Protein chains: 2
Amino acid sequence: MTPLLQKLIHSFQFLPGIGEKTAQRFVHHIFGHQKHLAQGFAETLLEAIEKIKHCQRCQNLSEDDLCQICASSERDESILCIVEHPSNVSIFESTQSYDGKYFVLHGVLSPINGVGPQDLGIGKLDILLKQHPIKEVLIATSSKVEGEATAYYLYEYLNDKVAKITRPAHGLPIGGSLDYIDGQTLTRALRGRQEMVD
Amino acid sequence: MTPLLQKLIHSFQFLPGIGEKTAQRFVHHIFGHQKHLAQGFAETLLEAIEKIKHCQRCQNLSEDDLCQICASSERDESILCIVEHPSNVSIFESTQSYDGKYFVLHGVLSPINGVGPQDLGIGKLDILLKQHPIKEVLIATSSKVEGEATAYYLYEYLNDKVAKITRPAHGLPIGGSLDYIDGQTLTRALRGRQEMVD
């Protein structure tokens, strides 16, 4: 194993879940018969690092100043969904049941890690609310402790600025068995129970 | 998800065991907070693709014309270990119990895939045998069907050229329980049984 290959194996490990053994396997795969594909991959990665930036309006990942969703005139301007990460936008989009706009925080409030409101781009959120006729904000941060804390902070902050503030419903997942559901989720499902209709 | 990020997710999947979901996770990780590390990684990868070649003598991966092992004067010139892949060399080296030289085939004979002796560098092996005083060749191809076939081909080819041709011992793995051993391995372990001495 040459020093350069050692360095490559080491630098592969910045990827989540990739340890020394897997990195070695990748390197042997590349220098087996995949040099051409690896070259294309590395060039695409460098191009993406150079070109991908944050959308000026919603902070989502974008190649242009405005992302495709913000630039679209077919999306509902009156509802804004606030999410933690760009990956959350992809998941919402995959459902094809949301046609509003987004705002991406790129994190959650975390005083212990020194992450405050300004790090999440609250200033940009303010500008967005002033410039667009938003009637409802859907706060879709996670239901972990820091996600909930961020949701409450946003609720207090937005309360006098927006007519309606919502959270996605919590309850039983579709297809899930009652036997494996945790108590908190079941409690939420009970509280939020809905009347059956014909 | 922009077209460029889609392309990056697609090109990530040339790595073994990496599918769409994992590639998405990698991309979101990179554009979360790891752009700097990703850039260093991509540059190292391109540098390695440019500089890594096959050692002129043993065909192992190398940055120079001769790999570190072939260039070393401290290794035993009289024994040559033939392996399928560069990764096998790393494993032999990690045991620190082999101090001879290597020859890397970069594959096995496979008529069905059109891989013949010349594709494995048999010509280079010939030159190596003529130029160096090799007394023993240890054929360490795998014990799968194609590895065994390649070993027998090499045995026939080398039989009148080298004094001694060996294969690594097959038998029970150290620490392995008899309950879980397959019949073929146990048969080999019985045939190769050795007398205990004080």
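Here are some short exercises on this predicted model, each with a worked solution.

**Exercise 1.** Find A:His28 and decide whether this residue is buried or exposed.

*Solution.* Start with the location: A:His28 belongs to helix α2 of chain A, which covers residues 20–33. Next, look at the accessibility, which is 19% in relative terms for A:His28. Buried means under 20%. A:His28 therefore counts as buried.

**Exercise 2.** Work out which residues A:His28 is in contact with, leaving aside neighbours within four places in sequence.

*Solution.* Take chain A to begin with: A:Met1 is in contact with A:His28. Then turn to chain B, where B:Pro86, B:Ser87 and B:Ser90 are in contact with A:His28 too.

**Exercise 3.** Identify the buried residues of helix α1 of chain B, and say what they pack against.

*Solution.* Go along residues 3–12 of chain B: the buried ones are B:Leu4, B:Leu5, B:Leu8, B:Ile9, B:Ser11 and B:Phe12. Now look at their surroundings. In chain A, they pack against α3 (35–51) and β2 (61–62). In chain B, their partner is α2 (20–33).

**Exercise 4.** Trace the open sheet of four strands in chain B, then place helix α7.

*Solution.* Follow the strand order, β4-β3-β5-β6, with parallel pairing. The edges are β4 (101–104) and β6 (164–166), each paired on one side only. On average, neighbouring strands are turned by 20° against each other, direction ignored. Inside the sheet, four bridges join β3 (residues 79–83) to β5 (residues 136–139) of chain B. Look for B:Ile82, which stands opposite B:Ile139 in β5(B). Finally, helix α7 (residues 145–158) of chain B lies across β3, β5 and β6, at about 165° to β5(B).

Notes. Residues numbered from 1 in each chain as written. Chains lettered and ligands numbered in written order. Predicted model: local features only at pLDDT ≥ 70, side-chain atom pairs only at ≥ 80, totals over all residues. Heavy atoms only, no water. Helix = DSSP H or I, 4+ residues; strand = E, 2+ residues; numbered from the N terminus. Buried < 20%, exposed > 50% of the residue type's maximum accessible area, 1.4 Å probe, protein only. Contact = heavy atoms within 4.5 Å. Pairing = 2+ DSSP bridges. Axes fitted to C-alpha atoms, helices over the stretch in contact; angles between N-to-C directions.
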